[in-house]
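Biologist: I'd like to learn how to read a model like this one. Could you walk me through a few features?

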Amino acid sequence: MLVNGAPGSGKSTLAAALASETLMMLALDVDAIKHSLGQWEQDQGSAGLQARRLAVAMVRRHLLDDHDVVLGQYLARPVFIEELEDAARGSGATFVEVMLTLQASTLAARLAARADAPTRPEHAANNLLVGPRDATRLLASLASVTRQRTSAVRLDADGDLDTTMAALRTLLTQG
């Protein structure tokens, strides 16, 4: 499962929560992989591409071992989404794509809260790149991929984590 959405929309939090409920489900965080590469800051573009290659390899291996994977990632272009979809299908798994949607005001508030109190190491790095003023731009950046990826399920993430998590669980149980 890919959970896509703007930074601060709750992707990684939802992925980790979902994985914690399922034996051997992998909550894969591409940013964590990127930030674990030595001196990633020196060449962020190459580090990001390498992290994505490693993520696809991990997805394939875990699916071939008959385990589920959930990946939360901000993807405004379809190339990596298609790579993940190919990896899932090539491993005999079903690819589920979710796009988190929310209001710009909600996203701005979440980005402000994350800037004040980052809960993960990646947040500290990402807070240097995006903030509350970027909310409208970040949401707009997803419009093109949302139009292109018509099979993606839109999931309202404006509410609290429990509400969004319940909607995600419902999506999974309904197939």
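Biologist: Let's start with the strands. Which residue in β3 is the bridge partner of Val3?

Modeller: Gly72 is the bridge partner of Val3 in β3. Keep in mind that this is a predicted model. Strand β1 (residues 2–4) runs parallel to β3, and three bridges join them.

Biologist: And how many bridges pair strand β2 (residues 26–28) with β3?

Modeller: Three bridges, again in the parallel sense. For one of the pairings, look at Leu28, whose bridge partner in β3 is Leu71.

Biologist: How many of the five residues of β3 are buried?

Modeller: Five of five, for the strand at residues 69–73. Try splitting the strand by face: Val69, Leu71 and Gln73 sit on one side, Val70 and Gly72 on the other, and both faces are covered.

Biologist: Now salt bridges. What's the idea there?

Modeller: Side chains of opposite charge can pair when their charged atoms come close. In this model the count comes to six salt bridges.

Biologist: Which residue forms a salt bridge with Glu85 at 3.0 Å while lying four residues away in helix α4?

Modeller: That's Arg89, with the closest N and O atoms 3.0 Å apart. Both residues lie in helix α4, and four residues is about one turn of the helix.

Biologist: Why does Glu85 count as buried and Arg89 as exposed?

Modeller: Glu85 counts as buried because its relative accessible area is 11%, which is under the 20% cut-off. Arg89 counts as exposed because it comes out at 56%, and exposed means over 50%.

Biologist: Where does the partner of Glu85 in the Arg149 salt bridge sit along the chain?

Modeller: The side chains of Arg149 and Glu85 meet at 3.0 Å, N to O. This pair links distant parts of the chain: Arg149 is in the loop between α8 (143–148) and β5 (153–156), 64 residues from Glu85 in helix α4. Both Arg149 and Glu85 are buried. Salt bridges with shared partners join Glu85, Arg89, Glu97 and Arg149 into one network.

Biologist: Let's finish with a loop residue. Is Ser91 buried or exposed?

Modeller: Buried, because its relative accessibility is 16%. Ser91 is in the loop between α4 (78–90) and β4 (97–101).

Biologist: What does the side chain of Ser91 reach?

Modeller: The backbone oxygen of Ala87, at 2.8 Å. Leaving aside neighbours within four places in sequence, Ser91 is also in contact with Arg60, Leu63 and Leu64.

Key. Residues numbered from 1 in each chain as written. Predicted model: local features only at pLDDT ≥ 70, side-chain atom pairs only at ≥ 80, totals over all residues. Heavy atoms only, no water. Helix = DSSP H or I, 4+ residues; strand = E, 2+ residues; numbered from the N terminus. Buried < 20%, exposed > 50% of the residue type's maximum accessible area, 1.4 Å probe, protein only. Polar contact = N/O pair within 3.5 Å; in protein donor to acceptor, adjacent residues only side chain to side chain. Contact = heavy atoms within 4.5 Å. Pairing = 2+ DSSP bridges.
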